[in-house]
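Biologist: I'm new to this one, so could you take a close look at a single part with me? I'll put it on the screen and then ask my question.

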Amino acid sequence: MGSTAPNILLILSDQQHFGTLGAVNERIRTPALDRLCAEGTRFDRAYCPNPTCTPTRASLITGLYPSQHGAWALGTKLPQSVPTVGEALKGADYDTALIGKAHFQPLASRPPWESIECQPTLRDLDFWRNFHGPWYGFEHLETARMHGTESHVGGHYALWMQEQGLENWADYFDSYPVNVARRGSFDRDGHWTLPERFHYNRWITQRSVEAIHRAQDRGRPFFLSVNHFDPHPPYVVPKPWASMYRPQDMAPGALTPGEHDRNPRHFAMTQQHDPDFQAFGDAWVHGGHSHLVDRQTLQRQMAVYYGMVSFMDACIGELLATLDALGLTENTLVVFTTDHGHFLGQHGLTAKAIHHYEDLIRVPMIARWPGRIPAARVSSALQNLVDYSPTFLAAAGLDVPEAMTGVNQLPAWQGAGAVRTWSITENHHGRRHFHMRTYVEDRYKITVYARGDEGELFDLQEDPAELNNLWSDPAAAPVKSQLLQRFLQATMQYEHMPMPRIAGA
């Protein structure tokens, strides 16, 4: 691979609503992401292949859908035998590194599905001191696992805190083993007392800058995956970010009276105080609980959520400044996105759930590559994060393996028009009710469940707020029939065929 090979910088947040960019929302300040929007293209119809972490993150590095790569839900493991984009780029002399959150494996370990992203391994600092990869195609790895003050803290982040002089780092996080009487460290205003300089955002940024310098010293192009833990709950961040936004200025979403009357029964159950989601027979249903939260609490949560985004944005700005200082901006493809969305009161929902509204499955996305991707442009070309691996390979001038079922979006990124006419989001919580898929086109969106006769059909053109489910509307029956046919055809189009046909028989 010659010296003109582009660097690839993938910046990933965790559980970020598509509306939390300053470029589209005057209530939030994100100057670094706004810069990327001004210097690149913002895609306002980007979707995740699954609305939870592990499946989507595995799709990002494999170019396969969750039903194909094996990590079909949270609590599963991406088999290390599945080929990844990092391995393909390593073969082309790329320096590959992942800094921050990985979440390719479960928080438990059980033969033969061993996990290193689990306790007590996460707090076995001798293990992490001696392990930096290779792992899933990344030559260099520095990872941790928690969000905010969670007890999962450990890994390379804990080592870094010690190196920075914070020997009592564990005092700022929940105890392990978990003791409900010892929950992090907060001041009288409820703000996290962890000094900002020791926050994981600072660790991620410092190590990412070092990874860029390391690749430069080696004379190799880099593929660097920078993975932030925020703004995933819990809603905690140190000062000054914790008080950057006033709760009274926040405008959370809300339930529209009667909107769940036409939805499957589990939608209205979220508005009950003690709903029984286990009656559906699926275990560990994320979002399968009461979502009743008063407006003042939502405003407080939203203010901190915005502060978490702005802190992350400031660190992204440091990465962009590093590219500028090293003269790498022109030859670096920078892509920003998140693994899935987040509810901030919309439809009466909070955080993540099992409801495939746009707030959850649509994600923020920006791509910048000076001279190759149009600047200051907004594109409505459909995107799916499963397409990133093939697109990165195409950008590097490499062949896309036929085994990858994502598509090469480089023509769309470069302004040549849409590559996709549809996007599919999978969600599989078990073998009973909560196994569903959502099919999205330019105008319509339909969700089908593996069992039962319920579903959702929304006209995003006439009903962008998704308040009127047309699934059982007789007038929408012709559209529903056509969508179901195209939905089935789409699932056939992304069938996984890893073995090429090499003979007639």
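Biologist: Within what distance do the axes of helix α1 and helix α9 come, and at roughly what angle do they cross?

Modeller: Before anything else, keep in mind that this is a predicted model. The axes of α1, residues 31–39, and α9, residues 295–325, come within 7 Å and cross at roughly 50°. An angle from 65 to 115 degrees would count as roughly perpendicular and one under 35 degrees as roughly parallel, so α1 and α9 are oblique to each other. On the α1 side, the residues that meet α9 are Pro31, Ala32, Leu33, Arg35 and Leu36. Their counterparts in α9 are Asp313, Ile316, Gly317, Leu320 and Asp324. Sorted by class, that contact has 6 nonpolar residues, 1 polar and 3 charged.

Now look at what else α1 touches. The helix lies across β2, β7, β11 and β12, and runs at about 60° to β11. Those strands belong to an open sheet of 8 strands with mixed pairing, and the order is β5-β4-β6-β1-β7-β11-β2-β12. At the edges you'll find β5 and β12, each with a single partner strand, so one side of each has no neighbour in the sheet. From one strand to the next, the twist averages 10°.

Let's start from the β12 edge. β12 (377–379) runs parallel to β2 (residues 41–43), and 3 bridges join the two. One of the pairs to click on is Thr41 with its bridge partner Arg377 in β12.

Further along the order comes β1, residues 7–13, where 7 of 7 residues are buried. In a regular strand, side chains alternate between the two faces of the sheet. You can follow that here: Asn7, Leu9, Ile11 and Ser13 point one way from β1, while Ile8, Leu10 and Leu12 point the other way, and all are buried. β1 pairs with β7 in the parallel sense over 7 bridges, and 5 bridges join β1 to β6, again running parallel. Ile11 is a handy residue to centre on: its bridge partner in β7 is Phe336, and in β6 it is Val226.

At the other edge sits β5, and Glu142 is in that strand, which covers residues 140–144. Even on an edge strand, Glu142 has a relative accessibility of 7%, and anything under 20% is buried, so Glu142 counts as buried. Its side chain makes a polar contact with the side chain of Arg207, at 2.9 Å. Leaving out residues up to four places away in sequence, Glu142 touches Leu98, Ile99, Gly100, His132, His156, Trp203 and Arg207.

Three of those names lead to another helix pair: His156, Trp203 and Arg207 also take part in the contact of α6 with α7. The axes of α6 (residues 155–163) and α7 (residues 200–218) come within 10 Å and cross at roughly 90°, which makes α6 roughly perpendicular to α7. The α6 residues in this contact are His156, Tyr157, Trp160 and Glu163, and those of α7 are Tyr200, Arg202, Trp203, Gln206 and Arg207. By class there are 4 nonpolar, 2 polar and 3 charged residues.

Technical notes. Residues numbered from 1 in each chain as written. Predicted model: local features only at pLDDT ≥ 70, side-chain atom pairs only at ≥ 80, totals over all residues. Heavy atoms only, no water. Axes fitted to C-alpha atoms, helices over the stretch in contact; angles between N-to-C directions. Helix = DSSP H or I, 4+ residues; strand = E, 2+ residues; numbered from the N terminus. Parallel < 35°, antiparallel > 145°, perpendicular 65-115°, else oblique. Contact = heavy atoms within 4.5 Å. Nonpolar A, V, L, I, M, F, W, Y, C, P; charged D, E, K, R; others polar. Buried < 20%, exposed > 50% of the residue type's maximum accessible area, 1.4 Å probe, protein only. Polar contact = N/O pair within 3.5 Å; in protein donor to acceptor, adjacent residues only side chain to side chain. Pairing = 2+ DSSP bridges.
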